[in-house]
Amino acid sequence: MFNFFEEIACDYGLETGLGNNFNLVNMSNKMIYVEGHKGIVSISTETISFRIKKGVISIVGTKLFIKRITKTTLTICGEIKQIESY
């Protein structure tokens with residue numbers, strides 16, 4: 001079965017597997033898809049923050065909302081202006 005993230009990691013010689021990190025795809029600043037999150041830190045229509053293995057990612061924008069969330073995946077929709085990590 002084709003796996004987008006594994007294919008790119010292989011092409012660039014990167015480690016694969018969510019045990020080591022997370023994957024994030026920004027689609028036209030309208031949707032963020034995340035694999036490997038460790039839980040929501042805070043949520044509002046302007047900022048959604050979530051944990052990753054080695055820190056926190058914050059998505060900043062307007063009209064933000066969580067479209068879908070599972071134990072390890074997260075889809076955020078809205079007008080995305082900035083992605084911050086700390």
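# A walk through a predicted chain

Leaving out the neighbours that lie within four places of it in sequence, threonine 75 touches Met31, Ile32, Tyr33, Phe65, Ile66, Lys67 and Arg68. The model in which these contacts appear is a predicted one, and this residue offers a convenient place to enter it. Threonine 75 belongs to strand β6, which covers residues 73–85. Its relative accessible area is 10%, and because buried means a value under 20%, threonine 75 counts as buried.

From this single residue we can step back to the chain as a whole. The secondary structure consists of one helix and six strands, and, read from the N terminus, the elements follow the order α-β-β-β-β-β-β. The C-alpha trace spans about 35 × 25 × 20 Å along its principal axes. For 86 residues, a compact globule would be expected to have a radius of gyration near 12 Å, and the chain, at 13 Å, agrees with that expectation. Of the 86 residues in the chain, 30% are buried. The chain exposes about 5,800 Å², and 53% of this area is supplied by carbon and sulfur atoms. Among the contacts with a separation of 6 or more, 40% are between residues 24 or more positions apart.

The interior comes next. The largest nonpolar core has eleven residues, namely Ile32, Val34, Ile48, Phe50, Ile52, Ile57, Ile59, Leu64, Leu74, Ile76 and Ile80. The elements that contribute two or more residues to this core are β2 (31–35), β4 (47–52), β5 (55–69) and β6. Isoleucine 80, one of the core residues, shows which parts of the chain can meet at one side chain: apart from its neighbours within four places in sequence, isoleucine 80 is in contact with Asn29, Lys30, Met31, Ile32, Ile59, Val60, Gly61 and Leu64.

One of those contacts of isoleucine 80, Asn29, leads us to a loop. Asparagine 29 lies in the loop between β1 and β2, and serine 28 is also placed in the loop between β1 (23–27) and β2. What is the sign of phi in asparagine 29, a residue that is not a glycine? The phi of asparagine 29 is positive, at about 55°, and serine 28, likewise a residue other than glycine, has a positive phi near 55°. As for their surroundings, serine 28 has a relative accessibility of 66% and counts as exposed, because that value is over 50%. Asparagine 29, by contrast, has a relative accessible area of 40% and is partly exposed.

Charged side chains give another way to follow how strands are linked. Side chains of opposite charge can pair when their charged atoms come close. The structure holds one salt bridge, and it is formed by the side chains of lysine 63 and glutamate 79, with a distance of 3.9 Å from N to O. This pair links distant parts of the chain, since lysine 63 is in strand β5 and glutamate 79 is in strand β6, 16 residues apart. How accessible are the two partners, lysine 63 and glutamate 79? Lysine 63 is exposed, with a relative accessible area of 60%, while glutamate 79 has a value of 33% and is partly exposed.

We can now turn to the surface and to the early part of the chain. Phe4, Ile8, Tyr12 and Leu14 form a nonpolar patch on the surface, and together they have about 450 Å² of accessible area. Isoleucine 8, a member of this patch, is found in helix α1, which covers residues 4–12, and its relative accessibility of 34% makes it partly exposed. Leucine 14, another member of the patch, is placed in the loop between α1 and β1. With a relative accessibility of 54%, leucine 14 counts as exposed.

Two distances complete the picture by setting positions in sequence beside positions in space. Leucine 14 and threonine 73 are 59 residues apart along the chain, and their C-alpha atoms are separated by 21 Å. Threonine 70 lies in the loop between β5 and β6 and, at 31% relative accessibility, counts as partly exposed. From C-alpha to C-alpha, threonine 70 is 18 Å from asparagine 3, and the two are 67 residues apart in sequence.

Notes: Residues numbered from 1 in each chain as written. Predicted model: local features only at pLDDT ≥ 70, side-chain atom pairs only at ≥ 80, totals over all residues. Heavy atoms only, no water. Helix = DSSP H or I, 4+ residues; strand = E, 2+ residues; numbered from the N terminus. Buried < 20%, exposed > 50% of the residue type's maximum accessible area, 1.4 Å probe, protein only. Contact = heavy atoms within 4.5 Å. Patch = residues over 30% accessible without salt bridge, like charges linked within 9 Å, V, L, I, M, F, W, Y side chains within 5 Å. Areas by Shrake-Rupley, 256 points an atom, 1.4 Å probe, with all protein chains shown as cover. Salt bridge = Lys/Arg side-chain N within 4 Å of Asp/Glu carboxyl O. Core = buried A, V, L, I, M, F, W, Y, C linked by side-chain atoms within 4.5 Å. Rg over C-alpha atoms; globule rule 2.2 N^0.38 Å.
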